[in-house]
Amino acid sequence: MKRRGPLLGGVLVLAALGPWAGANAQNTAGRIDPSFGHLGMATAVSGANSVGAARLQPDGKIVVVAPVSTPSLATLACGIVRFLPNGALDRSFGNRGVVLTAPFSNFINSPSDLAIQPDGKIVVVGGGQSADGSVNPAFVLRLNPDGSLDNTFGNRGVTITSFAKFDVPGVVLVQPDGKIVIGGYALPANDEQPTQTILARYTAAGVLDPAFGQGGKVQGLTGAITALALQADGRILTNDGAPFVRVLANGAVDATNAGGIVTVSAHTGVGAFLPSGKFVLAAATTEFGDRHDVDLLMTRLSQSGANDPTFVSPEIDFGPEGPHAISYTAAGVAVQSDGKLLAAVPVNVNQMEDFAIARFNPDGAIDGTFGTAGQVLTSFPTGNGALIYTLLVQPDQKIVAVGLALPFMKPPQLEMVRYLGQ
C-alpha cells in the first residue's frame with residue numbers, strides 16, 4: 001500500500017507504508033526542495049537516451065553526460081550538459097548549456113563517466129561504435145570550462161583507444177599530476193571468452209602513458225571495472241562489484257594486496273570507494289519465490305576485500321509485494337561528508353517508473369531521519385514516469401537525483417530532482 005503525498009512541481013511524493021512507517025513520516029530530510037529548478041525539478045535536453053554520470057564542479061555547477069539522439073549529428077551523440085547550482089541550464093557553457101559532439105563516429109558515441117580537473121576542464125570517457133559495427137573503441141575527450149573542445153588534448157580534443165573487439169569504458173579519474181586513468185571492460189574477439197577488464201592511463205596531453213602497464217594499458221583480468229580510487233602512494237584501486245584488484249603506479253598488479261580477488265554475494269549493482277579505502281556496494285538480490293523480493297542490499301568490503309562484519313548490510317524493498325513482485329537493480333551510490341550513504345533505485349509502481357532513494361548511517365543501519373523510515377519514493381504523474389540513474393550531494397548536504405523523464409509520445413529528457421538533506 002502507498003500513501004499519496006503532495007503534488008509539487010509536477011512531482012508526486014509517495015511515502016511507502018510498511019513496517020518502518022509512522023513517526024518518521026514528517027522528516028524534513030528527504031523532502032523535495034522547491035527552490036531548485038521549477039518547484040524542485042529541472043528538465044532539459046530532449047532525446048537523452050540514458051545518463052552516463054553526473055559530477056559537481058567546485059563552484060557548485062552540475063555536469064551531466066548522456067548519449068543523446070541527434071539524427072543531424074549522429075545516431076547517438078555524446079552529450080555534456082551543465083546546470084547552475086539552482087538547476088537552471090548554464091547558458092555560458094556550450095550551446096546554451098549543452099555540448100553535443102560525435103568524437104568517434106556518426107553512429108554511436110555513448111559517454112559513461114566524467115571528471116572535473118582542478119583547472120575546470122572536463123574529461124569525458126565513453127565508447128563508440130562504427131555504423132557497420134566493426135570498430136568499437138573507447139574515447140576520452142576533454143573540454144575547456146566553456147564547453148569547447150580542448151585542442152591541447154589528444155587529436156584536437158579527443159583520444160581514441162582500441163583494446164579488444166568491443167570496448168566499454170565505464171569510469172575515469174584524474175590524478176593530482178594531471179594523468180588520466182580509465183577503467184571498464186572489453187569483449188574479446190572470441191565470443192566464447194569472458195569479458196576482460198580494461199585499465200589505461202594517459203598523460204595530461206591525452207597520450208597513452210608508456211610508464212603504465214603495456215604501452216599505457218593493463219588488460220587480461222576477468223570481469224569489468226566499475227569503480228576507481230587512487231591511494232596517496234599512487235596505487236590504484238579497482239572494483240567491479242565482485243573481484244577487486246589494486247595495481248601499482250606502474251600498472252603492475254600489487255602482489256602485497258592481501259586477499260587479492262574476493263567474491264561477494266551480490267553480483268549486480270554499483271559501488272563506491274569510501275575515504276577510508278573501504279568499498280560499499282549497492283545491489284539487487286534474487287527474488288524469494290513469487291511473494292517477496294529485495295530491491296536493495298548494501299554491503300561493505302574492507303581494504304583487504306573481505307566482507308566488513310561491522311557493517312549492518314540492510315535489505316530494502318521499495319516495490320509492491322505479491323505474485324507480481326519485481327526485483328530492481330540499484331542505479332547509483334553517493335557518500336555524504338558525514339559518512340552517511342545514499343542509494344538510488346529505479347522502481348515501477350502502478351506501471352509508472354519512480355525515483356526511489358534510501359539513506360543509511362555510516363555503519364549501514366537505515367537512517368530513520370530521512371524521508372519515511374529512511375526511504376523516499378518520488379512519482380511523476382505524467383507520461384511514463386522517470387528513471388533514476390545517479391545521485392549527487394551538494395556542499396550544503398542537499399541531494400540531487402539525476403535521471404530521465406519519460407513523457408508520452410515524446411523523446412526522453414534529462415530529469416533532476418533536489419531533496420533536502422537535513
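These legends go with a few close-up views of a predicted model. Local features need pLDDT of at least 70 and side-chain atom pairs count only at pLDDT 80 or more, while totals for chains, interfaces and linings use all residues. Residues are numbered from 1 along each chain as its sequence is written, and side-chain values use heavy atoms, with hydrogens and water left out.

**View 1. Phe273 meets Phe279 edge-to-face.** Searching the whole structure turns up two aromatic pairs, and here is one of them: centres 4.8 Å apart, planes at 70°. (Rings of Phe, Tyr and Trp, its six-membered ring, pair if their centres lie within 6.5 Å; planes under 30 degrees apart are stacked, over 60 edge-to-face, the rest tilted.) Phe273 and Phe279 are both buried, meaning under 20% relative accessible area (exposed is over 50%, partly exposed in between; 1.4 Å probe, protein chains only).

**View 2. Phe355 and Phe380 pair up too.** Their ring centres are 4.9 Å apart with planes at 65°, so this pair is edge-to-face. Phe355 belongs to strand E25 (residues 352–360) and Phe380 to the loop between E26 (375–379) and E27 (386–393), so the pair ties together parts 25 residues apart in sequence. (Strands, E, are DSSP runs of at least two residues, numbered from the N terminus.) Both Phe355 and Phe380 are buried.

**View 3. Here is an open sheet of four strands, in the order E3-E29-E28-E27.** The pairing is antiparallel; two strands pair if DSSP finds at least two bridges between them. Strands E3 (41–46) and E27 each have a single partner, so one side of each lacks a neighbour in the sheet. Five bridges join E3 to E29 (residues 413–419), and Ser46 has Gln413 as its bridge partner in E29.
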